[in-house]
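User: I am a first-year student, and I would like a close look at one part of this protein's interior, followed by whatever else helps me to place it. Please take me through it slowly.

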Amino acid sequence: EDIDLPDPIGTIIVDVTPDAIGADWVLTSTAGALFEGSGDQRLEGIPVGVWTLTPAAVSGYTAPAPTSVYLDVGWELTWDVTYVAESAPVGTLVIDPNPDALAAPWQLLSTTGLVNSGSGDETLENLPVGEYQVLWGDVAGHVTPAASTVEVTDAVTVSAVVVYAAAPDPLGTILIDPNPDSISAPWQITLPDGGSIDGTGDDTLVDMPMGEYTLTWGDVEGWETPTPNPVTQTLTPGGTTLFSMR
């Protein structure tokens with residue numbers, strides 16, 4: 001009497017790591033059988049024989065190579081399919097505005113836009129390789145440096161270093177205009193630092209520091225000296241001050 005024997009089968013458990021990526025895979029046998037799936041699955045009733053599992057590509061990960069195993073009757077085989085994250089090449093950027101006490105503000109830009117911002121010294125790690133631009137912010141009383149362009153390369157530390165120089169004292173202009181011009185009247189002007197300049201007739205003094213200036217008109221024979229005399233005026237940053245006999 002013929003006895004019906006159960007089909008020779010086993011179980012395959014596909015375990016994809018990491019679970020979150022849900023990677024696709026194909027399971028094929030030398031007999032031509034085929035199963036397709038994704039992520040973790042338990043496959044029961046699988047015919048015995050040699051099976052090959054081929055993982056699909058997943059962006060950002062390195063897929064394991066296809067592997068083959070033999071499944072025997074009643075076996076429960078766990079297939080470990082581990083994807084390894086591809087580490088994008090990264091580098092480190094040290095942002096170093098000086099003097100440190102200024103805590104100068106800055107913005108870091110990539111080709112696609114703003115990456116980070118801050119003030120003072122900072123070390124930015126794990127930046128994707130590529131070109132970056134550091135925009136330096138204004139600090140009162142100092143000259144703002146031009147933007148810095150840096151190239152971040154794989155596994156290398158690069159620096160963006162600038163120095164904020166103190167801004168020069170704001171300067172102005174002094175116009176001296178005695179009248180009539182023909183007499184070339186003499187004058188002396190006392191500077192904010194206590195020094196003095198002597199001259200005659202019309203003159204223009206440029207790049208003069210801000211502060212108080214006192215001008216004294218000299219005597220000219222046959223002419224009355226103007227009043228008041230001396231005259232004190234204040235030169236403001238970038239301004240113009242006129243001393244005139246009009």
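**Leucine 93 and its surroundings**

Analyst: Leaving aside the residues within four places of it in sequence, leucine 93 is in contact with Leu108, Glu122, Thr123, Leu124, Leu127, Val150, Val152, Val158, Ser159 and Ala160. The model you are looking at is a predicted one, and every contact named here is to be read with that in mind.

Leucine 93 belongs to the largest nonpolar core, a set of 17 residues, and together with Trp106, Leu108, Leu127 and Trp136 it touches the most other members. Two of these, Leu108 and Leu127, also appear among the contacts of leucine 93. The core draws on several strands, for at least two of its residues come from each of strand E10 (90-98), strand E11 (105-110), strand E13 (122-128), strand E14 (130-136), strand E15 (148-152) and strand E16 (157-163). There is also a second, separate core of 16 residues, which includes Ala185, Trp187, Val220 and Met245. As a general background, nonpolar side chains in soluble globular proteins tend to be buried together.

Aromatic rings offer another way to read the model, and the structure holds two aromatic pairs. In one of them, phenylalanine 35 and tryptophan 51 are tilted relative to each other, with 5.7 Å from centre to centre and 50 degrees between the planes. This pair links distant parts of the chain, since phenylalanine 35 lies in strand E3 (residues 34-38) and tryptophan 51 in strand E5 (residues 49-55), 16 residues apart. Phenylalanine 35 counts as partly exposed because its relative accessibility is 28%, whereas tryptophan 51, at 1%, counts as buried. The other pair is made by tyrosine 70 and tryptophan 75, whose ring centres are 6.2 Å apart and whose planes stand at 85 degrees, so the pair is edge-to-face. Tyrosine 70 is partly exposed, with a relative accessible area of 43%, and tryptophan 75 counts as partly exposed at 42% relative accessibility.

A polar residue makes a useful companion to leucine 93, and threonine 241, in strand E23 (residues 240-244), can serve as that example. Threonine 241 counts as buried because its relative accessibility is 6%, which is under the 20% cut-off. Beyond its neighbours within four places in sequence, threonine 241 is in contact with Thr173, Ile174, Leu175, Gln233, Thr234 and Leu235. With one of these residues, threonine 234, there is a further detail to find: its backbone oxygen lies 3.4 Å from a polar atom of the side chain of threonine 241.

Methods:
Residues are numbered from 1 along each chain as its sequence is written. This is a predicted model: local features need pLDDT of at least 70, side-chain atom pairs count only at pLDDT 80 or more; totals for chains, interfaces and linings use all residues. Side-chain values use heavy atoms; hydrogens and water are left out. Helices (H or I, at least four residues) and strands (E, at least two) are DSSP runs, numbered from the N terminus. Buried means under 20% relative accessible area, exposed over 50%, partly exposed in between (1.4 Å probe, protein chains only). A polar contact is a pair of N or O atoms within 3.5 Å; within protein, one must be able to donate a hydrogen and the other to accept it, and residues adjacent in sequence count only if both atoms are side-chain atoms. Contact means heavy atoms within 4.5 Å. Rings of Phe, Tyr and Trp (its six-membered ring) pair if their centres lie within 6.5 Å; planes under 30 degrees apart count as stacked, over 60 as edge-to-face and the rest as tilted. A nonpolar core is a set of buried Ala, Val, Leu, Ile, Met, Phe, Trp, Tyr and Cys residues joined through side-chain atoms within 4.5 Å.
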